[in-house]
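Notebook open. I wanted to look up how two helices pack and what sits on the surface around them.

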Amino acid sequence: MLEHIAEFTAWPILTGIFIGYIANKIMIGKGKGCCMNLIIGIVGSYAGALISHLLNIELFGRGYIANFVFCILGAVVVLWIWKKLFD
């Protein structure tokens, strides 16, 4: 049971950090650190799901690549909004 708990918590954290890192590279050109990349990745994942819903694109059953692309797209949008508001 502990293995399933570790898998359930480890994958979202690792993918969140990776998504945040890629979005930072696209927008800024450098990373912001693991914690900030994790936050950007998680918020960006939700934003990507919202974007796909607004565009009427069903991601369920499309595979990991489509989900990953929309997560990165959402993270880039979050960073763009952040830059417009606070820079």
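Before the surface search, I noted the rule: patches are made of residues with over 30% relative accessible area and no salt bridge, and nonpolar side chains are joined within 5 Å. I also kept in mind that this is a predicted model.

Entry one, the surface. I looked up which residues form a nonpolar patch, and got M36, I39, V43, W80, I81, W82, L85 and F86. Together they have about 820 Å² of accessible area. The elements giving two or more residues to this patch are α2 and α3. I then checked which one gives the most, and it is α3, with five residues. W82, for one, lies in helix α3.

Entry two, the helix pair. I pulled the axes of α2 (residues 34-54) and α3 (residues 64-86): they come within 6 Å and cross at roughly 110°. Angles of 65 to 115 degrees count as roughly perpendicular, so α2 is roughly perpendicular to α3. On the α2 side I listed I40, V43, G44, S45, A47, G48, I51 and S52 as making the contact. On the α3 side the list reads F70, C71, L73, G74, A75, V77, V78 and L79.

Entry three, the make-up of that contact. I sorted its residues and got eleven nonpolar, five polar and no charged.

Key
Residues are numbered from 1 along each chain as its sequence is written. This is a predicted model: local features need pLDDT of at least 70, side-chain atom pairs count only at pLDDT 80 or more; totals for chains, interfaces and linings use all residues. Side-chain values use heavy atoms; hydrogens and water are left out. Axes are lines fitted to C-alpha atoms, for helices over the stretch in contact, and angles run from 0 to 180 degrees between N-to-C directions. Helices (H or I, at least four residues) and strands (E, at least two) are DSSP runs, numbered from the N terminus. Angles under 35 degrees count as roughly parallel, over 145 as roughly antiparallel, 65 to 115 as roughly perpendicular and the rest as oblique. Contact means heavy atoms within 4.5 Å. Ala, Val, Leu, Ile, Met, Phe, Trp, Tyr, Cys and Pro count as nonpolar, Asp, Glu, Lys and Arg as charged, and the others, Gly among them, as polar. Patches are made of residues with over 30% relative accessible area and no salt bridge: like charges are joined within 9 Å, nonpolar side chains (Val, Leu, Ile, Met, Phe, Trp, Tyr) within 5 Å. Accessible areas come from the Shrake-Rupley method with a 1.4 Å probe; for residues, only the protein chains shown count as cover. A salt bridge is a side-chain nitrogen of Lys or Arg within 4 Å of a carboxyl oxygen of Asp or Glu.
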